[in-house]
Amino acid sequence: MAYEMGEVRLSQEIFYYLLENHELREDGENTLYRAYTEREEIQNLVKSQGEIAGSTVERYGNVIYLIPKEENNFLGFSKAQLKAALCRSGATDRDYYLSQFVVLTLLVEFFDGQGSSSKTREYIRVGELQNCISERLKEGAQNTPEEQEEGGIAFSDILQAYEALRSDDRGSRARTTKEGFLHQILVFLQKQGLVEYVEQDEMVKTTKKLDNFMDWNLLNQNNYRRVRRVLGVAEDE
């Protein structure tokens, strides 16, 4: 299909806006938003540019998002970058996997519904989240045979990494403590626009961006079952 130069230029303008802002809102750049949503040829060009850049362009509600694919270390984060951002100095792989387990636990605590929206709560206290992480790790280590761990998630290793972190009731922000480790992850998620972390109230809320992504993308039935399987949640709960 042949495109006119004006169409190509407009699609490039939209894609560059997404590169800069990661999202395009209807109540923000309305002209660009309407060009994407109302003109199929523009939408196809933008999606094609996203594909070349190792990303997908998706519209959830009245917001268009640029979403890097898992292996995209240029627009997204590499394992090494995440380890540096989330874990203590000299962190091992099990520390990194613990950080990912924390994120998965947070998602399951907020998004475990089966109705029109998967979201089941408005907020969670940091202390409650910390207890959930500990309980799920212990349950996973107890219920997963050693030979099964070799081909899946190593709960025992991640539990060891979690227990190696000190506890500090004074609210330490050091990454060598459980409280500081969790704090660092929540701050990172807030910077990505995924959660609202109210430190003074020790409370975490999700943003509309995360709500949309979970309802429209991650929690289709295949991914939903996959996340629950990883966390050891029984299907009949």
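Student: Is E109 buried or exposed?
Tutor: Buried. In this predicted model, E109 has a relative accessible area of 12%. The cut-off for buried is under 20%, so E109 counts as buried.

Student: Where is E109 found?
Tutor: In helix α5, which covers residues 93–110.

Student: Which side chain makes a polar contact with the side chain of E109?
Tutor: R136. The two side chains make a polar contact at 3.2 Å.

Student: And what else is E109 in contact with, leaving aside neighbours within four places in sequence?
Tutor: T120, R121, I124 and C132, along with R136 again.

Student: New topic. How many residues has the largest nonpolar core?
Tutor: 35. L98, L106, I133, L137, L186 and V204 have the most contacts inside it.

Student: Which elements give two or more residues to this core?
Tutor: Helices α4 (79–86), α5, α6 (126–143), α8 (155–163), α9 (178–191) and α10 (208–218), plus strand β5 (195–198).

Student: What does V204 touch, not counting residues up to four places away in sequence?
Tutor: Ten partners would be a long list, but among them are L106, F110, I124, L186 and V195. V204 also touches E122 and E196.

Student: What lies apart from the largest core?
Tutor: Another core, of 15 residues. Its members include L32, A35, V46 and I64.

Student: Back to helices. At what angle do the axes of α4 and α9 cross?
Tutor: Roughly 120°, and the axes come within 9 Å. The two helices are therefore oblique to each other.

Student: Which residues make the contact?
Tutor: From α4, L82, A85 and L86; from α9, F181, Q184, I185 and F188. Six are nonpolar, one is polar and none is charged.

Definitions and conventions
Residues numbered from 1 in each chain as written. Predicted model: local features only at pLDDT ≥ 70, side-chain atom pairs only at ≥ 80, totals over all residues. Heavy atoms only, no water. Helix = DSSP H or I, 4+ residues; strand = E, 2+ residues; numbered from the N terminus. Buried < 20%, exposed > 50% of the residue type's maximum accessible area, 1.4 Å probe, protein only. Polar contact = N/O pair within 3.5 Å; in protein donor to acceptor, adjacent residues only side chain to side chain. Contact = heavy atoms within 4.5 Å. Core = buried A, V, L, I, M, F, W, Y, C linked by side-chain atoms within 4.5 Å. Axes fitted to C-alpha atoms, helices over the stretch in contact; angles between N-to-C directions. Parallel < 35°, antiparallel > 145°, perpendicular 65-115°, else oblique. Nonpolar A, V, L, I, M, F, W, Y, C, P; charged D, E, K, R; others polar.
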